[in-house]
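Here are a few exercises to work through with the model open beside you. Try each task before you read its solution.

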Amino acid sequence: MIIILKKNLSASAVDTIVEKLKSMQLEAVPQWVDEHIHLAIVRGEMEQVSFHELAKFPEVEKVLPCTSQFKLSSKTFKPTPTVIEIKGQKIGDGSCIMMAGPCSIESEQQIHEIAALVAKSGAQVLRGGAFKPRTSPYQFQGLGEAGLRYMRTAADANDLLAISEVMDVRDVSLVGEYVDIIQVGARNMQNFSLLKELGTIPKPVMLKRGLCATYMEWLMAAEYIASCGNNNIMLCERGIRTFETYTRNTLDLAAVPVLKDLTHFPVIVDPSHGTGLRALVAPMSYAAAAIGADGLMIEVHTNPDQSISDAKQAIHPKTFAKIVKKVQAIKVIE
Ligand code: PEP
Ligand code: MN
């Protein structure tokens with residue numbers, strides 16, 4: 001159930017209604033949605049309380065049923081798209097934000113070179129992993145804090161935002177110091193301790209879809225972050241495991257319209273991990289832009305074949321530049 005409160009209520013009036021609901025065994029999470037405060041009933045025995053009873057409260061404008069398991073992430077709770085604004089850059093406003101950079105930050109020089117090239121081509125966000133979730137413990141694990149430091153200076157020098165993955169709840173504040181957006185990788189989509197911690201910090205989070213996660217599991221993971229107080233969430237489709245082995249993953253582009261129907265959070269597409277093959281990055285980027293993706297995350301390397309990680313899906317900065325132009329043109333037509 002979602003309770004929409006009347007406009008211009010004082011903070012104490014909101015507290016009063018939350019307390020009243022508590023006495024009825026209903027736990028409500030309040031949040032500003034446009035000009036109103038909306039209350040999502042997240043716990044309690046709804047059957048025992050009638051809509052009429054709640055609608056009669058003087059503070060209440062409207063009561064809406066919300067049958068989905070996810071509440072704060074639902075369109076019932078917030079019908080308008082969430083627009084995340086970071087240093088003047090908007091995500092979710094109808095544009096297609098371009099996030100680009102290497103799979104792994106390999107050296108100071110490498111990240112600076114790539115940052116300059118992708119910025120020139122029209123990227124707004126620099127990506128790069130410093131804590132890498134590698135299949136083997138013997139593979140390169142990332143440069144850690146030094147990598148984040150290189151990335152921050154490279155991003156600042158080129159007027160880019162920075163995004164990087166956090167794998168461990170103990171590193172959340174460290175990664176948060178260096179980046180503008182924190183990435184939760186596919187392998188950690190259901191690391192609930194990590195999600196809860198990310199819910200408590202004032203940093204936008206990009207939540208990648210788990211390797212075998214359903215839309216519902218993915219949205220419930222977003223709900224963990226939102227229920228702890230952080231509503232700056234974007235969801236990233238990065239392909240799922242299927243029986244097909246020709247591609248690394250199966251990029252599920254239906255996720256874009258489905259999620260746009262179910263949630264107000266922006267939806268990003270990662271055609272690099274989604275296919276694992278560089279030849280497929282451009283066509284899948286165009287497809288994602290055409291169906292309204294709010295952004296693309298693409299792995300770019302100045303020497304793609306020499307990438308320390310994910311070489312097969314890395315594209316050259318020149319290819320990236322072509323993709324940006326065409327995505328912009330598709331967005332105009334859309
Ligand atoms: C990445 O973006 O660097 C990454 C490891 O992606 P995923 O979690 O989607 O595998
Ligand atoms: Mn990668």
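**Exercise 1.** Work out whether K87 is buried or exposed, then find its salt-bridge partner.

*Solution.* Keep in mind that this is a predicted model. Start with the accessibility: K87 comes out at 62%, and since exposed means over 50%, K87 counts as exposed. Next, look for a carboxylate: D180 pairs with K87 in a salt bridge, with 2.7 Å between the closest N and O atoms. Then place the two: K87 is in the loop between strand 5 and strand 6, D180 in the loop between helix 5 and strand 10, and 93 residues separate them. Finally, check D180, which is buried at a relative accessible area of 5%.

**Exercise 2.** Find out which parts of the chain the salt bridge between K260 and D294 ties together.

*Solution.* First, get the distance: N to O, the side chains meet at 2.8 Å. Now locate the ends: K260 sits in helix 8 and D294 in the loop between helix 10 and strand 14, so the bridge ties together parts 34 residues apart in sequence. As for exposure, K260 is partly exposed at 29%, while D294 is buried at 4%.

**Exercise 3.** Identify the protein donors of the manganese ion (ligand 2) and place E299 and D310.

*Solution.* Begin at the ion: C103 (SG), H273 (NE2), E299 (OE) and D310 (OD) lie 2.0 to 2.4 Å from it. Then trace two of them: E299 belongs to strand 14 and D310 to the loop between strand 14 and helix 11, so this pair ties together parts 11 residues apart in sequence. To finish, E299 has 1% relative accessibility and counts as buried.

Conventions: Residues numbered from 1 in each chain as written. Chains lettered and ligands numbered in written order. Predicted model: local features only at pLDDT ≥ 70, side-chain atom pairs only at ≥ 80, totals over all residues. Heavy atoms only, no water. Donors = N, O, S within 2.8 Å, 3.2 Å for Na, K, Ca; no water. Helix = DSSP H or I, 4+ residues; strand = E, 2+ residues; numbered from the N terminus. Buried < 20%, exposed > 50% of the residue type's maximum accessible area, 1.4 Å probe, protein only. Salt bridge = Lys/Arg side-chain N within 4 Å of Asp/Glu carboxyl O.
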